[in-house]
Amino acid sequence: MVGVKEDSDTGCGDPECSDEGNFVRIDHGDGTQGLYFHLERNGAQVAVGDGVCAGEVIGFSGNTGFSTRSG
């Protein structure tokens, strides 16, 4: 784990909300990273420095950042 943001509860369909998106960033150790965006507030289940394994829950989907919920 190399990055986490989970303090936002703001999401909207305008680019002005881009910086409000909660996320988890995972370093795969091979020069690539996975970015998981739009998590719910306080929805990250991992912290910076944690190791993660395939299949592990890393966060809960939400509607933060440049995102709109439908349905």
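## Ile26 and the nonpolar core

Ile26 is a good place to start looking around this predicted model. Beyond its neighbours within four places in sequence, Ile26 is in contact with Met1, Thr32, Gln33, Gly34, Tyr36, Val52 and Ile58. Two of these names, Met1 and Ile58, come up again in the list of core residues.

That core is the largest nonpolar one in the structure, and it has seven residues: Met1, Val24, Ile26, Leu39, Ala44, Val46 and Ile58. Which elements give two or more residues to this core? They are strand S3, spanning residues 22–27, and strand S4.

## The sheet around it

Next, take a look at the strands. Four of them form an open sheet in the order S1-S3-S4-S5, and their pairing is antiparallel. S1 and strand S5 (59–61) are at the edges, each with a single partner strand, so each has one side without a neighbour in the sheet. From one strand to the next, the twist averages 40 degrees.

The S4 and S5 pairing is antiparallel and runs over two bridges. Leu39 takes part here: its bridge partner in S5 is Ser61. Leu39 is also listed among the core residues.

## Two unusual backbone angles in S4

Strand S4 covers residues 33–44, and His38 has its place there. The phi of His38 is near 70 degrees, a positive value in a residue other than glycine. His38 counts as partly exposed, because its relative accessibility is 31%.

Asn42 lies in strand S4 too. Although Asn42 is not a glycine, it has a positive phi of about 55 degrees. Is Asn42 buried or exposed? With 53% relative accessibility, Asn42 counts as exposed.

## Asn22, a buried residue with many contacts

Asn22 belongs to strand S3. Its relative accessibility is 0%, so Asn22 counts as buried. Not counting residues up to four places away in sequence, Asn22 touches Lys5, Glu6, Asp7, Ser8, Tyr36, Phe37, His38, Leu39, Glu40, Arg41 and Thr64. You may recognise His38 from the section on backbone angles, and Leu39 from the core.

What does the side chain of Asn22 reach at 3.3 Å? It is the backbone nitrogen of Asp7. For a sense of distance, Asn22 and Cys12 are ten residues apart in sequence, and their C-alpha atoms are 13 Å apart in space.

## Ser8 in its loop

Ser8 is found in the loop between strand S1 (3–5) and strand S2 (11–12). Ser8 is buried, because its relative accessible area is 3%, and the cut-off for buried is under 20%.

The side chain of Ser8 reaches the backbone oxygen of Glu20 at 2.7 Å. Setting aside its neighbours within four places in sequence, Ser8 is in contact with Glu20, Asn22, Arg41 and Thr64. Asn22 has Arg41 and Thr64 among its own contacts as well.

## Lys5 and the salt bridges

How many salt bridges does the structure hold? There are two. One joins the side chains of Lys5 and Asp7, at 2.5 Å from N to O. Asp7 is exposed, with a relative accessible area of 53%. Lys5 lies in strand S1. Leaving aside its neighbours within four places in sequence, Lys5 is in contact with Asp19, Glu20, Gly21, Asn22 and Phe23.

The other salt bridge is between Asp9 and Arg41, whose closest N and O atoms are 3.4 Å apart. Asp9 lies in the loop between S1 and S2, while Arg41 is in strand S4, so this pair ties together parts that are 32 residues apart in sequence. Asp9 is exposed, with a relative accessible area of 56%, whereas Arg41 counts as partly exposed at 45% relative accessibility.

## Following the links

To finish, here is a route you can trace in the structure. Begin at Lys5 in strand S1 and go to Asn22, which is one of its contacts. From Asn22, step to Ser8, and from Ser8 move on to Arg41. Arg41 then leads to Asp9 through their salt bridge.

Key:
Residues are numbered from 1 along each chain as its sequence is written. This is a predicted model: local features need pLDDT of at least 70, side-chain atom pairs count only at pLDDT 80 or more; totals for chains, interfaces and linings use all residues. Side-chain values use heavy atoms; hydrogens and water are left out. Helices (H or I, at least four residues) and strands (E, at least two) are DSSP runs, numbered from the N terminus. Buried means under 20% relative accessible area, exposed over 50%, partly exposed in between (1.4 Å probe, protein chains only). A polar contact is a pair of N or O atoms within 3.5 Å; within protein, one must be able to donate a hydrogen and the other to accept it, and residues adjacent in sequence count only if both atoms are side-chain atoms. Contact means heavy atoms within 4.5 Å. Two strands pair if DSSP finds at least two bridges between them. Axes are lines fitted to C-alpha atoms, for helices over the stretch in contact, and angles run from 0 to 180 degrees between N-to-C directions. A nonpolar core is a set of buried Ala, Val, Leu, Ile, Met, Phe, Trp, Tyr and Cys residues joined through side-chain atoms within 4.5 Å. A salt bridge is a side-chain nitrogen of Lys or Arg within 4 Å of a carboxyl oxygen of Asp or Glu.
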